[in-house]
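Trainee: Hi, could you walk me through this model? I'd like to start with the cysteines.
Mentor: Happy to, let's bring it up.

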Amino acid sequence: MSQEVALFALLSLITLVSGYWVVRCRNLVHAAFWLMPTFFGVALLFLLLGNELLFTVQLLIYSGAIPITVLFVLMLTREVMRPDRTEFNRLGAFGAAAAVLFLGLCLAGARTAGNPEPPPSVPVGLTRRVGEAFLTEYLLPFEVASLMLLGALVGAVYLARSDKKARSEVVGLERKRLIDQAREEEKSADAAAAGMARRRGDSV
Amino acid sequence: MQTLPLQAWLVVAAILFSLGLYGALARRNAIAVLMGLELMFAAANLNLLAFWRYKWVQSLEAPVFVTVIILVAACETALALAIVLGVFRRFRNVDIEDVGGMRG
């Protein structure tokens, strides 16, 4: 039984320390990588609570897919990270105060939770029962969720599709800049060549 | 499990939620705000499952509910990241203080 306590302490420590770094890291790529141990710790805590199904779901979706998606968007918006400015907004102090206040409220609430004696073990075949429940008793939420996933997929593609007009403007500007730069280089090269030729003529 | 009180789980979930709240309220980059939201979702799920284990282990409501929450959170993240990309295309910036185009 004390093994459980040690495991719980270790997993909570991993989760909370990496969660702290998710919030505090200046470099957002590092913060996105810190998301992985945070959610991995949460998934293992789910396993310690005896729920293998949600352990797997949490591991696949949160510890795997979501940090990858966040990293993709970070790479696509990379140039906006500004090392010269603070990473907190001007309401940062209020945010910290609100978080501390909320933590106090939660801890006060947790004290009144009582101390229920947990059942010795979780029922066998929980995953199977949840799957059956999704296809019988909770069929409507299941179908609504599948429709919502489809809607979110289509909506995300629609929102993130490249706007052809805006992109062609950006591409056009970039092309103009490159052509100007090439012209400048050509001109300076011509000038240098002319100067060299003149000097050679002088010496001859 | 006998030696581990329910309060231990609640305290861990509360600290994780507060960290997420701080990240969501205090960061400047919109993607960092989203990461704070993710931490809050994880803390809420942890709380739900702790109560399920200690009080309602025979019922299926909590696992089903947590599964649906994870699904909704994944949809929300995908859409929010798509919106962040759209904002980036429009403003070349995802700073929640600088992007004020919809200010009333």
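**Cysteines, then helix packing**

Trainee: How many disulfides are there over all chains?
Mentor: Searching the whole structure gives 0 disulfides. Keep in mind that this is a predicted model.

Trainee: Is A:Cys25 buried or exposed?
Mentor: A:Cys25 counts as buried, because its relative accessibility is 9% and the cut-off for buried is under 20%. B:Cys75 is buried too, with a relative accessible area of 5%.

Trainee: Switching topic: what is the make-up of chain A in helices and strands?
Mentor: Chain A has 7 helices and 0 strands, so along the sequence you read α-α-α-α-α-α-α.

Trainee: And how much of chain A counts as buried?
Mentor: That would be 31% of its 204 residues. As for contacts in chain A between residues at least 6 apart in sequence, 58% join residues at least 24 apart.

Trainee: Now the two chains. At what angle do H2 of chain A and H1 of chain B pack?
Mentor: About 160°, and their axes are 13 Å apart. H2 covers residues 28–48 of chain A, while H1 covers residues 6–26 of chain B.

Trainee: Why do H2(A) and H1(B) count as roughly antiparallel?
Mentor: Their angle is about 160°, and angles over 145 degrees count as roughly antiparallel, which is why H2(A) and H1(B) get that label. The crossing of H2(A) past H1(B) is left-handed.

Trainee: Which residues meet there?
Mentor: From H2(A), A:Thr38, A:Val42, A:Leu45 and A:Leu48; from H1(B), B:Trp9, B:Val12 and B:Leu16. The residues of this contact are 6 nonpolar and 1 polar, with no charged ones.

Conventions
Residues numbered from 1 in each chain as written. Chains lettered and ligands numbered in written order. Predicted model: local features only at pLDDT ≥ 70, side-chain atom pairs only at ≥ 80, totals over all residues. Heavy atoms only, no water. Disulfide = S-S within 2.5 Å. Buried < 20%, exposed > 50% of the residue type's maximum accessible area, 1.4 Å probe, protein only. Axes fitted to C-alpha atoms, helices over the stretch in contact; angles between N-to-C directions. Helix = DSSP H or I, 4+ residues; strand = E, 2+ residues; numbered from the N terminus. Parallel < 35°, antiparallel > 145°, perpendicular 65-115°, else oblique. Left-handed = near helix turned anticlockwise from the far one by under 90°. Contact = heavy atoms within 4.5 Å. Nonpolar A, V, L, I, M, F, W, Y, C, P; charged D, E, K, R; others polar.
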